[in-house]
Amino acid sequence: MKVIRAKSAGFCWGVERAIQVAREQADGGKRTVYTDGPLIHNNQMMTALSTEGVREVGDYRSSSSIELDEDERDDSVVVVRAHGISPERRKYLKGLDLPFKDATCPDVGIIAGKVRMHATKGYDVVIFGDPRHPEVIGLMGYAAGRGHAVQTEEDLGALPDFENGVVMVSQSTMFTHEFEHLSALLAQKYPELVVFDTICGATKERQSDLRQLVADGADAIVVIGGHHSANTCKLAKLAESQNRPTFHIETAEELDPCVMSEFQSVGVTAGASTPEFIIDAVCRSLESMEPSSEV
Ligand code: SF4
(Lines give C-alpha, C1' and ligand atoms only; values in the text may rest on other atoms or scores of the structure.)
Protein backbone atom coordinates (compact mmCIF):
# COMPACT_ATOMS: atom_id res chain seq x y z
CA MET A 1 0.00 0.00 0.00
CA LYS A 2 1.22 3.47 -0.82
CA VAL A 3 1.61 5.62 2.28
CA ILE A 4 1.73 9.40 2.03
CA ARG A 5 3.05 10.95 5.21
CA ALA A 6 2.06 14.54 5.93
CA LYS A 7 4.94 17.02 5.75
CA SER A 8 4.25 18.10 9.33
CA ALA A 9 2.98 15.39 11.66
CA GLY A 10 3.61 14.64 15.29
CA PHE A 11 5.33 16.72 17.94
CA CYS A 12 5.07 20.47 17.57
CA TRP A 13 7.89 22.58 18.92
CA GLY A 14 5.95 23.46 22.08
CA VAL A 15 5.46 19.81 23.00
CA GLU A 16 9.06 18.94 22.12
CA ARG A 17 10.22 21.76 24.35
CA ALA A 18 8.02 20.63 27.27
CA ILE A 19 9.33 17.07 26.99
CA GLN A 20 12.90 18.36 26.83
CA VAL A 21 12.34 20.46 29.97
CA ALA A 22 10.85 17.48 31.82
CA ARG A 23 13.69 15.17 30.72
CA GLU A 24 16.35 17.68 31.70
CA GLN A 25 14.76 18.11 35.11
CA ALA A 26 14.45 14.33 35.58
CA ASP A 27 18.17 14.08 34.84
CA GLY A 28 18.09 10.47 33.74
CA GLY A 29 15.77 9.37 36.54
CA LYS A 30 17.78 11.03 39.34
CA ARG A 31 14.92 13.41 40.16
CA THR A 32 11.15 12.99 40.14
CA VAL A 33 9.34 15.42 37.87
CA TYR A 34 5.75 16.11 38.91
CA THR A 35 3.56 17.44 36.11
CA ASP A 36 0.29 19.15 36.94
CA GLY A 37 -1.87 16.88 34.76
CA PRO A 38 -0.56 14.85 31.82
CA LEU A 39 2.51 16.54 30.32
CA ILE A 40 1.13 15.73 26.88
CA HIS A 41 -2.12 14.10 25.80
CA ASN A 42 -0.62 10.84 24.63
CA ASN A 43 -0.84 7.75 26.80
CA GLN A 44 2.03 5.88 25.14
CA MET A 45 4.42 8.81 25.53
CA MET A 46 3.34 9.36 29.14
CA THR A 47 4.08 5.69 29.84
CA ALA A 48 7.52 6.06 28.25
CA LEU A 49 8.24 9.22 30.26
CA SER A 50 7.15 7.58 33.50
CA THR A 51 10.13 5.23 33.22
CA GLU A 52 12.36 8.32 33.24
CA GLY A 53 10.88 9.73 36.44
CA VAL A 54 8.15 11.98 35.00
CA ARG A 55 5.00 11.57 37.08
CA GLU A 56 1.59 13.15 36.62
CA VAL A 57 0.12 14.36 39.92
CA GLY A 58 -2.57 16.92 39.06
CA ASP A 59 -5.66 16.36 36.95
CA TYR A 60 -6.48 17.07 33.29
CA ARG A 61 -7.87 20.52 34.10
CA SER A 62 -5.17 21.48 36.59
CA SER A 63 -7.79 22.09 39.24
CA SER A 64 -7.44 19.45 41.94
CA SER A 65 -5.26 19.81 45.00
CA ILE A 66 -1.99 17.91 45.09
CA GLU A 67 -1.05 15.90 48.15
CA LEU A 68 2.58 14.85 48.43
CA ASP A 69 4.10 12.77 51.22
CA GLU A 70 7.15 14.33 52.81
CA ASP A 71 9.38 11.53 51.50
CA GLU A 72 8.10 12.24 47.95
CA ARG A 73 9.50 15.76 48.11
CA ASP A 74 13.17 14.81 48.04
CA ASP A 75 14.86 15.50 44.73
CA SER A 76 11.67 16.47 42.98
CA VAL A 77 10.45 19.37 40.85
CA VAL A 78 7.11 20.63 39.54
CA VAL A 79 6.86 21.22 35.79
CA VAL A 80 4.03 23.20 34.15
CA ARG A 81 2.66 21.69 30.95
CA ALA A 82 2.80 23.20 27.45
CA HIS A 83 -0.89 24.21 27.79
CA GLY A 84 -0.03 26.67 30.55
CA ILE A 85 -1.96 27.41 33.73
CA SER A 86 -3.88 30.27 35.29
CA PRO A 87 -2.16 32.78 37.61
CA GLU A 88 -4.08 31.26 40.54
CA ARG A 89 -2.80 27.78 39.72
CA ARG A 90 0.74 29.11 39.34
CA LYS A 91 0.51 30.58 42.83
CA TYR A 92 -0.84 27.30 44.17
CA LEU A 93 1.90 25.18 42.56
CA LYS A 94 4.61 27.54 43.76
CA GLY A 95 3.11 27.21 47.24
CA LEU A 96 3.90 23.49 47.21
CA ASP A 97 7.39 24.59 48.11
CA LEU A 98 9.17 22.50 45.51
CA PRO A 99 11.49 23.67 42.73
CA PHE A 100 9.26 24.99 39.92
CA LYS A 101 9.87 24.91 36.17
CA ASP A 102 7.52 26.42 33.62
CA ALA A 103 7.26 24.56 30.27
CA THR A 104 4.29 26.58 29.00
CA CYS A 105 4.55 26.84 25.21
CA PRO A 106 5.66 30.37 24.32
CA ASP A 107 2.80 30.54 21.79
CA VAL A 108 0.35 30.00 24.65
CA GLY A 109 2.28 32.54 26.71
CA ILE A 110 1.68 35.14 23.98
CA ILE A 111 -2.08 34.51 24.11
CA ALA A 112 -2.05 34.78 27.91
CA GLY A 113 -0.19 38.09 27.62
CA LYS A 114 -2.79 39.54 25.24
CA VAL A 115 -5.64 38.35 27.47
CA ARG A 116 -4.10 39.77 30.61
CA MET A 117 -3.19 43.10 29.03
CA HIS A 118 -6.68 43.69 27.63
CA ALA A 119 -8.50 42.47 30.73
CA THR A 120 -6.38 44.86 32.80
CA LYS A 121 -7.45 47.70 30.48
CA GLY A 122 -11.10 46.83 31.09
CA TYR A 123 -11.83 44.83 27.94
CA ASP A 124 -14.12 41.84 27.97
CA VAL A 125 -12.27 38.85 26.53
CA VAL A 126 -13.94 36.34 24.21
CA ILE A 127 -11.90 33.16 23.86
CA PHE A 128 -12.71 30.83 20.97
CA GLY A 129 -12.04 27.43 22.50
CA ASP A 130 -13.21 24.54 24.60
CA PRO A 131 -13.97 25.75 28.14
CA ARG A 132 -12.96 22.32 29.53
CA HIS A 133 -9.52 22.36 27.88
CA PRO A 134 -6.62 23.22 30.22
CA GLU A 135 -5.30 25.92 27.88
CA VAL A 136 -8.64 27.75 27.92
CA ILE A 137 -8.99 27.26 31.69
CA GLY A 138 -5.58 28.88 32.09
CA LEU A 139 -6.47 31.77 29.75
CA MET A 140 -9.74 32.38 31.59
CA GLY A 141 -7.65 32.88 34.70
CA TYR A 142 -5.69 35.65 32.96
CA ALA A 143 -8.98 37.29 31.96
CA ALA A 144 -9.64 37.78 35.69
CA GLY A 145 -13.43 37.41 35.55
CA ARG A 146 -13.80 39.13 32.16
CA GLY A 147 -13.36 35.96 30.06
CA HIS A 148 -16.05 34.20 27.98
CA ALA A 149 -15.28 30.92 26.19
CA VAL A 150 -17.25 30.30 22.98
CA GLN A 151 -17.24 27.48 20.46
CA THR A 152 -20.36 28.05 18.39
CA GLU A 153 -22.71 30.72 17.04
CA GLU A 154 -25.13 29.76 19.82
CA ASP A 155 -22.44 30.50 22.40
CA LEU A 156 -21.90 33.92 20.79
CA GLY A 157 -25.64 34.59 20.95
CA ALA A 158 -25.65 33.75 24.65
CA LEU A 159 -22.96 36.31 25.52
CA PRO A 160 -24.03 39.23 27.70
CA ASP A 161 -24.05 42.75 26.23
CA PHE A 162 -20.63 44.30 26.70
CA GLU A 163 -20.36 47.95 27.58
CA ASN A 164 -16.62 48.37 27.27
CA GLY A 165 -14.08 47.25 24.69
CA VAL A 166 -14.12 43.64 23.52
CA VAL A 167 -11.17 41.53 22.40
CA MET A 168 -11.30 38.08 20.81
CA VAL A 169 -8.53 35.48 20.81
CA SER A 170 -8.44 31.77 20.06
CA GLN A 171 -7.24 28.63 21.78
CA SER A 172 -4.07 27.71 19.89
CA THR A 173 -5.42 24.52 18.30
CA MET A 174 -8.69 25.65 16.74
CA PHE A 175 -9.71 25.89 13.05
CA THR A 176 -8.83 29.19 11.39
CA HIS A 177 -11.98 29.26 9.22
CA GLU A 178 -14.22 28.85 12.28
CA PHE A 179 -12.35 31.58 14.18
CA GLU A 180 -12.68 33.93 11.19
CA HIS A 181 -16.40 33.17 10.95
CA LEU A 182 -17.15 33.74 14.63
CA SER A 183 -14.95 36.83 14.94
CA ALA A 184 -16.66 38.36 11.88
CA LEU A 185 -20.06 37.72 13.48
CA LEU A 186 -18.95 39.31 16.75
CA ALA A 187 -17.53 42.29 14.86
CA GLN A 188 -20.99 42.94 13.41
CA LYS A 189 -22.21 43.60 16.94
CA TYR A 190 -19.02 45.28 18.17
CA PRO A 191 -17.39 47.13 15.22
CA GLU A 192 -14.48 48.13 17.48
CA LEU A 193 -13.77 44.48 18.30
CA VAL A 194 -10.04 43.80 18.63
CA VAL A 195 -9.21 40.43 17.05
CA PHE A 196 -6.03 38.42 17.49
CA ASP A 197 -5.75 35.23 15.46
CA THR A 198 -3.79 33.26 18.05
CA ILE A 199 -4.08 29.83 16.41
CA CYS A 200 -0.45 28.72 16.46
CA GLY A 201 1.73 28.19 13.41
CA ALA A 202 2.19 24.47 14.15
CA THR A 203 -1.59 23.95 14.17
CA LYS A 204 -2.08 25.83 10.90
CA GLU A 205 0.77 23.90 9.28
CA ARG A 206 -0.67 20.53 10.32
CA GLN A 207 -4.11 21.49 9.05
CA SER A 208 -2.85 22.67 5.64
CA ASP A 209 -0.54 19.64 5.27
CA LEU A 210 -3.52 17.38 5.93
CA ARG A 211 -5.43 19.03 3.06
CA GLN A 212 -2.34 18.44 0.91
CA LEU A 213 -2.62 14.67 1.54
CA VAL A 214 -5.90 14.69 -0.34
CA ALA A 215 -4.40 16.78 -3.15
CA ASP A 216 -1.56 14.22 -3.34
CA GLY A 217 -4.05 11.39 -3.93
CA ALA A 218 -4.79 9.84 -0.54
CA ASP A 219 -7.90 7.61 -0.74
CA ALA A 220 -8.23 7.51 3.04
CA ILE A 221 -6.63 9.29 5.95
CA VAL A 222 -5.21 7.86 9.15
CA VAL A 223 -4.93 10.36 11.99
CA ILE A 224 -2.73 9.19 14.86
CA GLY A 225 -2.98 10.53 18.39
CA GLY A 226 -4.72 10.38 21.73
CA HIS A 227 -8.51 10.24 21.65
CA HIS A 228 -8.32 12.87 24.42
CA SER A 229 -5.95 15.12 22.45
CA ALA A 230 -7.77 18.26 21.29
CA ASN A 231 -5.54 18.97 18.32
CA THR A 232 -5.66 15.33 17.14
CA CYS A 233 -9.47 15.31 17.33
CA LYS A 234 -9.47 18.52 15.28
CA LEU A 235 -7.27 16.90 12.64
CA ALA A 236 -9.63 13.91 12.48
CA LYS A 237 -12.59 16.24 12.06
CA LEU A 238 -10.80 18.12 9.30
CA ALA A 239 -9.92 14.84 7.56
CA GLU A 240 -13.58 13.76 7.65
CA SER A 241 -14.56 17.07 6.08
CA GLN A 242 -12.29 16.26 3.10
CA ASN A 243 -14.67 13.47 2.03
CA ARG A 244 -12.14 10.75 2.71
CA PRO A 245 -12.69 7.75 5.03
CA THR A 246 -10.92 8.73 8.21
CA PHE A 247 -9.44 6.51 10.91
CA HIS A 248 -8.44 8.10 14.22
CA ILE A 249 -6.15 5.64 15.98
CA GLU A 250 -3.71 5.78 18.87
CA THR A 251 -1.42 2.93 17.80
CA ALA A 252 -0.77 0.64 14.82
CA GLU A 253 -2.61 -2.20 16.61
CA GLU A 254 -5.90 -0.42 15.96
CA LEU A 255 -5.52 -0.69 12.15
CA ASP A 256 -7.82 -3.30 10.63
CA PRO A 257 -5.97 -4.85 7.63
CA CYS A 258 -9.28 -5.97 6.05
CA VAL A 259 -10.64 -2.45 6.09
CA MET A 260 -7.39 -0.75 5.09
CA SER A 261 -6.84 -3.11 2.14
CA GLU A 262 -9.74 -1.39 0.40
CA PHE A 263 -7.46 1.58 -0.29
CA GLN A 264 -4.62 2.00 -2.76
CA SER A 265 -3.02 4.92 -1.01
CA VAL A 266 -3.43 6.19 2.52
CA GLY A 267 -2.46 9.58 3.92
CA VAL A 268 -1.00 9.63 7.43
CA THR A 269 -0.94 12.54 9.82
CA ALA A 270 -0.60 12.85 13.58
CA GLY A 271 -1.47 15.26 16.35
CA ALA A 272 1.06 17.56 17.96
CA SER A 273 1.43 15.21 20.94
CA THR A 274 2.05 12.01 18.96
CA PRO A 275 5.62 10.64 19.20
CA GLU A 276 7.63 9.72 16.13
CA PHE A 277 7.96 6.05 17.12
CA ILE A 278 4.18 5.57 16.91
CA ILE A 279 3.95 7.34 13.52
CA ASP A 280 6.79 5.17 12.18
CA ALA A 281 5.08 1.99 13.41
CA VAL A 282 1.77 2.96 11.77
CA CYS A 283 3.48 3.80 8.46
CA ARG A 284 5.39 0.49 8.50
CA SER A 285 2.22 -1.43 9.24
CA LEU A 286 0.30 0.25 6.41
CA GLU A 287 3.18 -0.25 3.96
CA SER A 288 3.13 -3.97 4.68
CA MET A 289 -0.56 -4.25 3.77
CA GLU A 290 -1.60 -5.21 0.24
CA PRO A 291 -4.53 -3.40 -1.37
CA SER A 292 -7.25 -5.96 -2.20
CA SER A 293 -7.33 -5.00 -5.90
CA GLU A 294 -5.21 -2.92 -8.24
CA VAL A 295 -6.86 0.08 -9.96
S1 SF4 B 1 0.04 23.14 19.48
FE2 SF4 B 1 0.94 25.18 19.17
S3 SF4 B 1 0.52 26.29 21.07
FE4 SF4 B 1 0.18 24.12 21.51
S5 SF4 B 1 2.13 23.40 22.29
FE6 SF4 B 1 2.18 23.06 20.09
S7 SF4 B 1 3.16 24.89 19.21
FE8 SF4 B 1 2.52 25.37 21.30
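I count two strands as paired if DSSP finds at least two bridges between them, and I apply this to a model that is predicted.

**Entry 1, the sheet.** I looked up β1 first and found that it pairs with strand β12 (residues 265–270) in the parallel sense, over 4 bridges. For K2, I noted S265 as the bridge partner in β12. Helix α8 (residues 201–215) packs on the sheet, where I see it touching β1, β10 (220–224) and β12, and its direction makes about 175 degrees with that of β12. Following the pairing further, I read an open sheet of 4 strands in the order β1-β12-β10-β11, with parallel pairing. The edge strands are β1 (2–5) and β11 (246–249), each of which pairs on one side only. Neighbouring strands of this sheet are turned against each other by 25 degrees on average, direction ignored.

**Entry 2, the domains.** The domain assignment of the chain gives me domain 1 (2–10 + 201–287), domain 2 (13–104) and domain 3 (107–195). I then turned to domain 2 and domain 3, whose C-alpha centres lie 28 Å apart.

**Entry 3, the interface.** I find 14 residues of domain 2 in contact with 11 residues of domain 3. The area buried between domain 2 and domain 3 is about 960 Å², with carbon and sulfur atoms giving 60% of it. Of the area that domain 2 buries against domain 3, R61, H83 and P87 supply 46%, more than any other three residues. Looking for salt bridges across the interface of domain 2 and domain 3, I found 0 by the rule, while for polar contact the rule finds 1 residue pair, both at pLDDT 80 or more. Helix α3 (residues 87–94) gives the most to the side of domain 2 that touches domain 3, with 3 residues.

Terms used
Residues are numbered from 1 along each chain as its sequence is written. This is a predicted model: local features need pLDDT of at least 70, side-chain atom pairs count only at pLDDT 80 or more; totals for chains, interfaces and linings use all residues. Side-chain values use heavy atoms; hydrogens and water are left out. Helices (H or I, at least four residues) and strands (E, at least two) are DSSP runs, numbered from the N terminus. Axes are lines fitted to C-alpha atoms, for helices over the stretch in contact, and angles run from 0 to 180 degrees between N-to-C directions. Contact means heavy atoms within 4.5 Å. Domain bounds come from an automatic or database domain assignment. Buried area is the accessible area (1.4 Å probe) that two parts lose on being put together, summed over both. A salt bridge is a side-chain nitrogen of Lys or Arg within 4 Å of a carboxyl oxygen of Asp or Glu. A polar contact is a pair of N or O atoms within 3.5 Å; within protein, one must be able to donate a hydrogen and the other to accept it, and residues adjacent in sequence count only if both atoms are side-chain atoms.
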